[in-house]
Amino acid sequence: MDGGAGKRERVVHPAIEPLSYLLGTWRGEGEGGFPTISSFAYGEELNFTHPGNKKPVIAYSQKTWKLSSGEPMHAESGYWRPKPDGTIEVVIAQSTGLVELQKGTYDAEKKVVKLQSELVGNASKVKEISRVFTMVDEELSYVVGMATSLTTHQPHLKASLKKI
C-alpha cells in the first residue's frame with residue numbers, strides 16, 4: 001500500500017519487468033501491402049496486460065479497423081513469455097484461424113523485441129512471419145514481414161502507436 005492513498009501498486013513478475021514499458025493500451029495507425037494485395041491504411045489498438053506477480057506472462061490483444069469507416073479488419077490475441085536470458089516466446093491466434101509460434105529476443109535497454117516464426121499453423125499460403133517492435137520517444141512502432149508460398153520474405157505491415 002502507498003500509505004493510505006487508496007491505490008495499490010501492481011507487482012510485476014521479475015521476468016516481465018524488462019518489458020513492463022509495453023503494459024497498457026496503445027493506439028495509432030498503420031499501413032500494409034504485399035505483392036499479392038492492394039496497399040491499405042488502418043487504425044489499430046494493441047493491449048498488453050499482466051495478470052500479476054505469479055505468472056511470467058504478458059497477455060496480448062490487437063484489433064484493426066478501416067480508417068475511412070471504422071469497420072473491423074483484423075484481430076489477434078496471445079501471450080508473450082519473456083525469459084531472464086533475453087529470449088522470448090510468443091503465441092498468437094489470429095481471427096483468420098492462423099496461429100503463430102514465435103521465438104526471438106528482446107533488448108530492454110534499447111526497447112526492441114525481435115520475433116521470428118517457428119511455426120505458422122492453419123495457413124495455406126503463409127510460410128513465415130517476423131515481427132519487430134521498437135519503442136522510441138514514447139512511440140511504439142512495429143514492422144511485420146511475411147513469406148508465402150508465392151513470395152520471399154518481405155515487409156507486410158508497419159504501424160506507429162502511442163499509449164493512451
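**Exercise 1. The Phe40–Tyr42 pair**

Is Phe40 buried, partly exposed or exposed, and at what relative accessibility? Work from the predicted model, and then classify the partner ring as well.

*Solution.* Phe40 has a relative accessibility of 25% and counts as partly exposed, because partly exposed covers the range between the 20% limit for buried and the 50% limit for exposed. Tyr42, with a relative accessible area of 3%, is buried. The structure holds six aromatic pairs. One of them joins Phe40 and Tyr42, whose ring centres are 5.9 Å apart and whose planes make an angle of 40°, so that the pair is classed as tilted.

**Exercise 2. A pair between two strands**

Describe the geometry of the Phe48–Tyr60 pair, locate both residues among the strands, and determine how each is covered.

*Solution.* The first step is the ring geometry: the centres of Phe48 and Tyr60 are separated by 5.5 Å, and with 45° between the planes the pair is tilted. The second step is the location, since the pair links distant parts of the chain: Phe48 belongs to strand β2 (residues 37-49) and Tyr60 to strand β3 (residues 58-66), twelve residues apart. The third step is accessibility, where Phe48 counts as buried at 1% and Tyr60 counts as buried at 3%. Finally, both residues belong to one aromatic cluster, which is formed by Phe48, Tyr60, Trp80, Phe133 and Tyr142.

**Exercise 3. The nonpolar core**

Which residues have the most contacts inside the largest nonpolar core, and which strands each supply at least two of its residues?

*Solution.* The largest nonpolar core has 32 residues, and Phe48, Trp80 and Val113 are those with the most contacts inside it. Strands β1 (24-34), β2, β3, β5 (87-94), β7, β8, β9 (139-148) and β10 (154-163) each supply at least two residues of this core. Looking at the surroundings of Phe48, and leaving aside its neighbours within four places in sequence, one finds contacts that include Leu22, Trp26, Ile58, Tyr60, Trp80 and Leu140. In soluble globular proteins, nonpolar side chains tend to be buried together.

**Exercise 4. Two residues with positive phi**

Compare the loop positions, phi values and accessibility classes of Lys111 and Asn122.

*Solution.* Most residues other than glycine have a negative phi. Lys111, in the loop between β6 (99-107) and β7 (112-121), has a positive phi near 55°, while Asn122, in the loop between β7 and β8 (126-136), has a positive phi of about 60°. At 27% relative accessibility Lys111 counts as partly exposed, whereas Asn122, with a relative accessible area of 65%, is exposed. Lys111 also lies over the face of Tyr21, at 5.2 Å from the ring centre.

**Exercise 5. The chain as a whole**

What are the secondary-structure content, the radius of gyration and the surface of the protein chain?

*Solution.* Starting with secondary structure, the protein chain has ten strands and zero helices. Turning to overall dimensions, a compact globule with 164 residues would have a radius of gyration near 15 Å, and the 17 Å of the protein chain agrees with this; along the principal axes, its C-alpha atoms fill a box of roughly 60 × 35 × 30 Å. Of the 164 residues, 40% count as buried. The accessible surface comes to about 9400 Å², and 52% of it belongs to carbon and sulfur atoms. As a last step, among contacts between residues at least 6 apart in sequence, 36% join residues at least 24 apart.

Conventions
Residues are numbered from 1 along each chain as its sequence is written. This is a predicted model: local features need pLDDT of at least 70, side-chain atom pairs count only at pLDDT 80 or more; totals for chains, interfaces and linings use all residues. Side-chain values use heavy atoms; hydrogens and water are left out. Rings of Phe, Tyr and Trp (its six-membered ring) pair if their centres lie within 6.5 Å; planes under 30 degrees apart count as stacked, over 60 as edge-to-face and the rest as tilted. Buried means under 20% relative accessible area, exposed over 50%, partly exposed in between (1.4 Å probe, protein chains only). Helices (H or I, at least four residues) and strands (E, at least two) are DSSP runs, numbered from the N terminus. A charge sits over a ring if NZ of Lys or CZ of Arg is within 6 Å of the ring centre and within 35 degrees of the ring normal. The radius of gyration is taken over C-alpha atoms; the globule rule is 2.2 Å times the number of residues to the power 0.38. Contact means heavy atoms within 4.5 Å. Accessible areas come from the Shrake-Rupley method with a 1.4 Å probe; for residues, only the protein chains shown count as cover. A nonpolar core is a set of buried Ala, Val, Leu, Ile, Met, Phe, Trp, Tyr and Cys residues joined through side-chain atoms within 4.5 Å.
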